[in-house]
Amino acid sequence: MNAVILLGAPGSGKGTQAARLAESLGMPHISTGAILRQAVTDGTELGVAARDIMAAGRLVSDEIVLGIVEARVSAHDCRRGFILDGYPRNRAQARALGEVLSRLGATEWIANIAVPAEELAARVRGRRGTDGRQDDSEEAFRRRLEVYESESLPLLDYYGDRASNVSGLGSRDEVFGRLCAALPFATAQLVTQ
Ligand code: ADP
């Protein structure tokens, strides 16, 4: 079982690349942000608990997101592997994920999509209005970047050599090519398909 963990700032293109990787490899794309947004739309208990936190660009509690991830990765369609997008987002989540993955006997593949901060702000400004995401407002985005820098960036230290750095600049195809090259198991599977 291959567990791909994609790291990257909001606006890094992580979600787009995760979806493409999932499709190419025939593995589920697990986006904690998308699962939470769906819960908000559906007005479930989870959605009600997460709505205001997300709109403000802050992190939903570790306990809640761990519950989401544990349930999702245990599903039958994840038995060959899965792509994680937006989880983990801090060290506590990374430790919890490590335990889940070792219980599942999964091999971890970690890639970080690196994009300079000025470029991130320009991209999110560009998509504002078209995606209709409440957390893309100037203030919420600024908060998301701050949270990313203080909580998520330290994951690069946490994972150290286990994480490959991939430049997120250039076209989507270029980034995808780099990403596949950084994930040897993916390259092998794409070639044999
Ligand atoms: P982005 O990476 O562009 O900020 P996401 O769709 O990944 O967007 O996440 C949107 C929001 O969902 C986050 O700002 C946060 O409030 C919540 N969220 C998603 N994943 C997590 C997580 N692992 N831990 C805590 N909150 C999360």
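Begin by selecting the ligand together with its surroundings in this predicted model: 19 residues lie around the ligand, and among these Thr32, Arg37, Arg58, Gly86 and Arg144 come nearest. Colouring that shell by residue class splits it into eight charged, seven nonpolar and four polar residues. If you then colour by secondary structure, helix H2, which spans residues 32–42, turns out to supply the largest share of the shell, namely four residues.

Next, display the polar atoms, and start with Gly86, where a backbone N or O atom is placed 2.8 Å from a nitrogen atom of the ligand. Move on to Gln93, whose side chain brings an N or O atom to 2.9 Å from a nitrogen atom of the ligand. Then select Arg144, which has a polar side-chain atom 2.8 Å from an oxygen atom of the ligand. With these contacts in view, switch on the surface: the ligand taken alone would expose 540 Å², of which the protein buries 96%. Where does the ligand sit? The surface view can be compared with the pocket calculation, which places the ligand in the largest pocket.

Finally, select Tyr87 and Pro88 and look along the backbone between them, where the peptide bond is cis, with omega about 0°. Most peptide bonds are trans. To put this bond in its setting, show the elements on either side of Pro88, a residue found in the loop that runs between strand S3 (81–85) and helix H5 (91–104).

Terms used
Residues are numbered from 1 along each chain as its sequence is written. This is a predicted model: local features need pLDDT of at least 70, side-chain atom pairs count only at pLDDT 80 or more; totals for chains, interfaces and linings use all residues. Side-chain values use heavy atoms; hydrogens and water are left out. A residue is near a molecule or strand if one of its heavy atoms lies within 4 Å of it. A polar contact is a pair of N or O atoms within 3.5 Å; within protein, one must be able to donate a hydrogen and the other to accept it, and residues adjacent in sequence count only if both atoms are side-chain atoms. Accessible areas come from the Shrake-Rupley method with a 1.4 Å probe; for residues, only the protein chains shown count as cover. On a 1 Å grid over the protein atoms alone, a cavity is a set of points where a 1.4 Å probe fits but cannot get out, and a pocket is an open set with protein on both sides within 12 Å along at least five of seven lines; lining residues have an atom within 4 Å of a point. A molecule sits in a cavity or pocket if more than half of its atoms lie within 2 Å of its grid points. Helices (H or I, at least four residues) and strands (E, at least two) are DSSP runs, numbered from the N terminus. Ala, Val, Leu, Ile, Met, Phe, Trp, Tyr, Cys and Pro count as nonpolar, Asp, Glu, Lys and Arg as charged, and the others, Gly among them, as polar.
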